[in-house]
Amino acid sequence: MRSIHFLVREGTRWTNWAGTAKTTPRRVLSPTGPDDIAKLVSEAAGRGGRLKAAGSGHSFTGIAVADDILLRLDGYRPEPVVDRETSRVTVPAGITLRELNPLLAHHGLALPNLGDIDAQTLAGATSTGTHGTGAKLNGIAAAIVGARLVDGTGTVRDFGPEDPELAAVALGLGALGVVTDLTIQCVPAFRLLAEEHPMPLDAAIAEFDTLAATNDHLDLYWFPRADRVLVKRNNRAGAGRPLSGIKRWWEDEVMSNAVYGTACHIGKTFPATVPAITSMSARLMSSRTFMDESYRVFCTPRRVRFVEMEYALPRAAFAPAFAALRGAANKRRIIFPVEIRVTAPDDLWLSTAHGRDSVYFAVHQFRGMPYRDYFAEVEAVMREHDGRPHWGKLHTRTAADLAGVYPRFADFQRLRDRLDPQRVFANSYLDRVLG
Ligand SMILES: Cc1cc2nc3c(=O)[nH]c(=O)nc-3n(C[C@H](O)[C@H](O)[C@H](O)COP(=O)(O)OP(=O)(O)OC[C@H]3O[C@@H](n4cnc5c(N)ncnc54)[C@H](O)[C@@H]3O)c2cc1C
């Protein structure tokens, strides 16, 4: 087989978005398709080397770190295949959500749910269990109904909806192979009415279950020490208007990024100002209502860099876990808000929502400010409540204790042994979380 991949870089430094993971891959390659990737995998396996596909580098953990060969899939761009009857769309796995969303909209389709940003690649997002919010909805990987994967023996494999192993491959942590193509079950394109209003914190806590049950997508933002919380409710249909271009620019770019970024820099330089900045940020949280295409409501630009840890807990643990988290946040100088979301259970083997209604707590801190003791205290709370850490966000858990919170953990390990017997796709993060 002829090798037709392109050498992109040699000896160049790779850093993730948050600056929490860095490496200098021996080689960065841009393969042209599954056969080319299969050859590269076989070569790597033959010499005991390692290889890893990276997405957009938006994971906070070292999950995408490739010390040996790093693959960039942006050179593999077959035409999307749209099945109008089933609303299933097959796309190259390296497509970014930013490219995918308008493409689907062009065909009158959409992903059922999305997270906060669209910078990720589809494979990167699904491999780590990226999710949005919605008590009756799942994370992005749950929409995967087909995958083509080059495994660690250099074999190209197809998984369809009837294959039980798709439930592992769709959210595989990059540990089972290089995913080259993904088929997604889309829904008809829909518009969302976005209603964002501050609410007294105690009321939001008391009404949390009702808020989650009565809104398609519920998202809470709470600044440490504040006694109010921004409640974002996004619901399908209804009438309304999109934000004007100027208003969107002012609110999403100027206020949420430029002004807030400056405030964070001030807080980092003068830590004593942090309580005043968070209190002002909480007071500035204002109401807005607008309507737009779903993906334009879900995803907003995030230019202020931060570090993040996020845990999924059983929904019933919401109130006690939040009370303890609140205590941990209130006694520190934390400039970033806590984000709270919900999802329905799914059956993906390593999904943070596997088999249970989930509430997600995401804690953040501005990049360069102290966060470790805060995250450690919050992590202890999450652990107490049977928490599962987001695979792409900071945490300190290991295979030994993660096995206990994932009923299908051993099945995943067995599949990994079969698909990647020589651990071609391993790195030190996977060594820690999978053993
Ligand atoms: C500002 C910001 C906002 C975020 N918002 C959310 C959110 O709302 N909800 C949420 O759940 N998460 C969120 N995240 C986390 C983010 O969605 C995940 O970390 C996601 O994995 C990043 O995708 P990526 O394309 O950057 O992948 P990377 O971080 O580059 O890679 C992630 C994993 O995917 C693997 N991978 C990538 N491509 C392939 C492939 N083709 N085949 C096999 N494996 C592959 C990599 O090897 C690695 O294991 C956010 C992160 C940031 C920085």
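Student: What makes the approach of Gly 57 to an oxygen atom of the ligand a polar contact?

Tutor: In this predicted model, a polar backbone atom of Gly 57 is 2.9 Å from an oxygen atom of the ligand. A polar contact requires a pair of N or O atoms within 3.5 Å, so the pair at 2.9 Å qualifies.

Student: Which distances support the same term for His 58 and Gly 124?

Tutor: For His 58, a backbone N or O atom lies 2.7 Å from an oxygen atom of the ligand. For Gly 124, the distance from a backbone N or O atom to a ligand oxygen is 2.8 Å. Both values fall within 3.5 Å, and therefore both pairs are polar contacts.

Student: How do you know whether the ligand is buried or exposed?

Tutor: Taken alone, the ligand exposes 970 Å², and the protein buries 99% of that area. The ligand is accordingly buried.

Student: Which elements give two or more residues to the shell around the ligand?

Tutor: They are strand S5 (51–54), helix H3 (122–127) and strand S12 (178–185). H3 gives the most, with four residues. Of the 36 residues around the ligand, those that come nearest are Ala 53, His 58, Ser 59, Gly 124 and Thr 128.

Student: What is the make-up of this shell by class?

Tutor: The shell has 14 nonpolar, 17 polar and five charged residues. Gly is counted among the polar residues, so Gly 124, one of the residues that come nearest, belongs to the polar class.

Student: Where does UniProt place the feature "domain: FAD-binding PCMH-type"?

Tutor: The UniProt record, an unreviewed entry, places this feature at residues 21–189. In the model, that span is 20% helix and 27% strand, and its end C-alpha atoms lie 36 Å apart.

Student: Why are S7 and S11 called edge strands of the five-stranded sheet?

Tutor: The sheet is open, pairs its strands in the antiparallel sense and has the order S7-S8-S12-S10-S11. Strand S7 (81–83) and strand S11 (156–159) each have a single partner strand, so one side of each is left without a neighbour in the sheet. Neighbouring strands of this sheet are turned by 15° against each other on average, direction ignored.

Student: How do you know that S7 and S8 are paired?

Tutor: Pairing requires at least two bridges, and S7 and strand S8 (residues 88–92) have three, so they count as paired. Their sense is antiparallel, and Val 82 has Val 89 in S8 as its bridge partner. The two strands form a hairpin with four residues between them. Within the turn, Ser 87 has a positive phi of about 60°.

Student: What makes S8 and S12, and likewise S10 and S11, paired strands?

Tutor: S8 and S12 share five bridges, and four bridges join strand S10 (residues 144–150) to S11. Both counts satisfy the requirement of at least two bridges, so each couple is a pair. Pro 92 has Asp 181 in S12 as its bridge partner, while Val 150 stands opposite Val 156 in S11.

Student: Why are S17 and S21 at the edges of the eight-stranded sheet?

Tutor: This open sheet, with antiparallel pairing, has the order S17-S14-S16-S15-S19-S20-S18-S21. S17 and strand S21 (388–389) each have a single partner strand, so one side of each lacks a neighbour in the sheet.

Student: How do you know that S14 pairs with both S17 and S16?

Tutor: Six bridges join strand S14 (residues 191–200) to strand S17 (residues 288–293), and nine bridges link S14 to strand S16 (residues 228–236). Since at least two bridges suffice, S14 is paired with both, and therefore S14 has two partners. Ala 194 stands opposite Phe 290 in S17, and Met 199 stands opposite Val 229 in S16.

Conventions
Residues numbered from 1 in each chain as written. Predicted model: local features only at pLDDT ≥ 70, side-chain atom pairs only at ≥ 80, totals over all residues. Heavy atoms only, no water. Near = heavy atom within 4 Å. Polar contact = N/O pair within 3.5 Å; in protein donor to acceptor, adjacent residues only side chain to side chain. Areas by Shrake-Rupley, 256 points an atom, 1.4 Å probe, with all protein chains shown as cover. UniProt positions renumbered as here; feature names shortened; annotations may be inferred. Axes fitted to C-alpha atoms, helices over the stretch in contact; angles between N-to-C directions.
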